[in-house]
Each structure stands twice: as structure tokens, then as C-alpha cells.
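Welcome, and please load the model in your viewer. We will go from stop to stop, with a selection to make at each one.

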Amino acid sequence: MLALALLVGVGGWVWVLNSRLGDIPRFDAELDRPGRPERVEGSALNVLLVGVDAGPGHDLREQLQTGDWVEGSFRSDTMMVWHLSEDRDSSQVVSLPRDAWVEIPGRGRAKLNAAFSFGGPRLLAHTLEETAGVFVDHVVVVDFEGFAEVTETLGGVEVPMADGTTSRLEGAEALAYVRDRKSLPEGDFDRIDRQQHFLRAVLEQAVSGSRTNPLRLTGLVGDLAELVVLDSEFDQGLIRSLAMTITRKGAGEFTWLTAPHHGTATIDGQSVVELDVRATRALFQAIARDDFERYRRTHDVDLLPPPTESIDPLDEVIRSGAVAACVTQESSKGHAHRPTVR
């Protein structure tokens, strides 16, 4: 009787979880096109993660789901490619600077985040494939407004401070933390560090909590419906498989890094990042072949330090109404190798 009750309980929980996954909105990413980079055979995955701020009066989900993209409605300040190895033993998350000066198909040269503004995730994926030579399997669009709810479900996210203490951030404060760049010494480079550092902390707390509390996992999956929009090929079976892999292995197997570049420059009156296209393509080729560890032994790779070394000094917290936390940060990586080109 106890075994039967347990079976029914687990079955009911799985049904609820599956139903929550079905609530996550989908869109047609239209990734298929002639001349794409060759995909490495096997079950390794490259997932493009796009963080988006919606402009006033525009509905991100509606435009993605209907395909009626209104140019200039949204901006993307966060672009990462998550690679999951074929054996599921390792992952690399590569951030690409939003101001990287690239060739956007059909648009000429512009900043990388302009590709999303011009044509949504389809044009952004096309641009990345052409520039970095990386085959994009799936696209996940993250609405930053929903991100605050995830931190609240987790009960806040612990961020280590310079004095050895930690600060728990959630809701609007956490959102301001990952958005801020103007108060940071190295602007977008420091914001990339901060976003990676914070997402790693979110992942670690979500994984550790879900192992012991299935209800928290259910709550997090429910938050996803407000947080993300997935491409239509990203089916529920794949999501469950990836979630189980991450829960089993934890966040420690993730390596966080930034695409190679030559620093900043001014082009056509704009401050841009000069992406090292040759090095970026070589990096993604090694990652696609699940050969990253050998690659990093012979190349200068801009890695996020381990959690014990990633310290974000929170010198000042400015609270104003519902918006919390413009925070001043010294870089957690150090960017001496990132010269400023004038």
C-alpha cells in the first residue's frame, strides 16, 4: 500500500511537472537555411541563450510566436552559447560581447545586439553562425522581467563579497545587479563577468535545492513560463533530459568564458568591441568537437574564476522605490589583456 501510494504520488508530481513544461511558450526559430556551418555528428548541443529587455508597449512572446517581428522593439544585452558535451560530462558557456562589431547578413556591419533588434532570434543565430562558425541547435530567449521571479522562488541568491561575507539578492535588486554596466569600471566586460557569476550562483542553488525539494523544482519550472520562450524544436523530453543531467552533475561541471577579442574601438562614432573572429572560430570549433580542455592548455582563454575566487565587491547599494541596487564592482577576472583601441 505504501509503495502504491508512493508510486501514485510520484506519478502525479511527474504529470504536474510535465504540464508545467507544456506551459512554456514556443516559437519557430527558422534555423534551417543553406550554407550553415557543418554540425558535428553526435548528441552534443549548442544552445543560444538571449537575454532581452522589452521596450514599452511591446509583447515579446506575441511577436516571437506570431513571427510578426517589429524592428527595434527589443534589445538584447546578453548573448551566450551553451555547449553541452555528447557524454553530458561537461559544459561550456561562452558569452559574446553585445557591442562586438560584426557582419549582419543583409544589413552590413553593426553591433552584434543589433542583429536581434533587426530580425529577432533568427537573424541573431544566423549572424553568430556566420561569424563564429558555430552551429546553433536551439534558441532560448530569456525575458529579464521574469528573471526576478526565479530569484524569489529560490529565496534569493547568495553573492560573495570582498570582505568574505555574502549578500542575498532577489527580485528587483537581483535584476538591477545583472543589468548594471554604467557604474562598472569596464562596462560591458564587467557586466559579462557579473552575469556569469550570478547565473552560476542561481544554477548552483537551483540544483542543490531541487535535489532535496521537488516542490522547489516544480516552482522553478512554473517560473520558466514567465521567464523563457523556447524554439519549437526544443521538446519536453529534451528539457527533462537536460534538467536531469544538470541536477545529477551540478553546476560545477560548467566552464564560463568570454569570446576572444581585441578590446574596444570607435567605429562610425560608436564604441564597439573588436571581436577576434579567427580565435573565436577556433574556440567554437574546439568546443563543438568536445575538445575544449586540450584547447585551453595551448590558448589564452578568458575564463571566469572558480566561485571561491569570484568576488564582487558590493561597495554601495542604492535603493530607490521598487528598483534596487546599482552596484560598483571591481572586475572579477582582471582584463589587463583587453587593450583599449582608440
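Two residues are in contact here when they have heavy atoms within 4.5 Å of each other. With that in hand, take the whole protein chain: among contacts between residues at least 6 apart in sequence, 70% join residues at least 24 apart. Please keep in mind that this is a predicted model.

**Stop 1: the whole chain**

Show the cartoon and you will find 10 helices and 16 strands. Of the 342 residues, 52% are buried. Switch on a surface next: the accessible area is about 16,000 Å², and carbon and sulfur atoms account for 52% of it.

**Stop 2: colour by confidence**

The mean pLDDT of the protein chain is 78, and 74% of the residues score at least 70. Select residues 1-13, where pLDDT is below 50 and the model has 3 contacts beyond near neighbours in sequence. Then select residues 313-342, where pLDDT also stays under 50. How many contacts beyond four places in sequence does the model have for residues 313-342? There are 81.

Where is confidence lowest, and where is it highest? The low end is strand β15 (residues 319-320), with a mean of 30, and the high end is strand β5 (residues 101-104), at 97.

**Stop 3: the largest nonpolar core**

Select Leu48, Leu112, Leu124, Val139 and Val141 as side chains: in the largest nonpolar core, which has 41 residues, these touch the most other members. Two or more residues of this core come from each of β2 (45-54), α2 (60-66), β3 (74-84), β5, α3 (112-132), β7 (138-143), α9 (277-288) and α10 (292-298). Which element gives the most to this core? Helix α3 does, with 9 residues.

Now centre the view on valine 141. Leaving aside residues up to four places away in sequence, Val141 touches Phe27, Val50, Val52, Leu60, Leu64, Phe116, Pro121, Leu227, Val228 and Val229. There is also a second, separate core of 38 residues, and Ala174, Val178, Ala201 and Val207 are among its members.

**Stop 4: the aromatic rings**

The structure holds 5 aromatic pairs. Start with tryptophan 82 and phenylalanine 254, a stacked pair with 6.0 Å between the centres and 20° between the planes. Tryptophan 82 belongs to strand β3 and phenylalanine 254 to strand β11 (residues 254-258), so this pair ties together parts that lie 172 residues apart in sequence. Are these two rings' residues buried or exposed? The cut-off for buried is under 20% relative accessible area. Tryptophan 82 has 10%, so it counts as buried. Phenylalanine 254 has 13%, so it is buried too.

Go next to tyrosine 177 and phenylalanine 198, with ring centres 5.4 Å apart; their planes meet at 50°, so the pair is tilted. Tyrosine 177 is in helix α5 (residues 171-179) and phenylalanine 198 in helix α6 (residues 187-212), and the pair links these distant parts of the chain, 21 residues apart. Both tyrosine 177 and phenylalanine 198 are buried.

While you have tyrosine 177 in view, add arginine 194: its charged end sits over the tyrosine 177 ring, 4.2 Å from the centre. For another arginine over a ring, select arginine 36 and phenylalanine 135, where the distance to the ring centre is 4.0 Å. To finish with the rings, select Trp69, Phe74 and Phe116, which form one aromatic cluster.

**Stop 5: backbone angles**

Most residues other than glycine have a negative phi. Arginine 88 has a positive phi, near 65°. You will find arginine 88 in the loop between β3 and β4 (91-95). Its relative accessible area is 15%, so arginine 88 is buried.

Aspartate 268 also has a positive phi, near 50°. This residue is in the loop between β12 (261-267) and β13 (270-275). The cut-off for exposed is over 50%; aspartate 268 has 67% relative accessibility, so it counts as exposed.

**Last stop: helix α4**

Select residues 144-153. Which residues of helix α4 are buried? They are Phe144, Gly146, Phe147, Ala148, Val150 and Thr151. Step just past α4 and you reach glycine 155, with a positive phi of about 75°.

Technical notes:
Residues numbered from 1 in each chain as written. Predicted model: local features only at pLDDT ≥ 70, side-chain atom pairs only at ≥ 80, totals over all residues. Heavy atoms only, no water. pLDDT = per-residue confidence, 0-100. Helix = DSSP H or I, 4+ residues; strand = E, 2+ residues; numbered from the N terminus. Core = buried A, V, L, I, M, F, W, Y, C linked by side-chain atoms within 4.5 Å. Buried < 20%, exposed > 50% of the residue type's maximum accessible area, 1.4 Å probe, protein only. Phe/Tyr/Trp six-rings, centres within 6.5 Å; stacked < 30°, edge-to-face > 60°. Lys NZ or Arg CZ within 6 Å of the ring centre and 35° of its normal. Areas by Shrake-Rupley, 256 points an atom, 1.4 Å probe, with all protein chains shown as cover.
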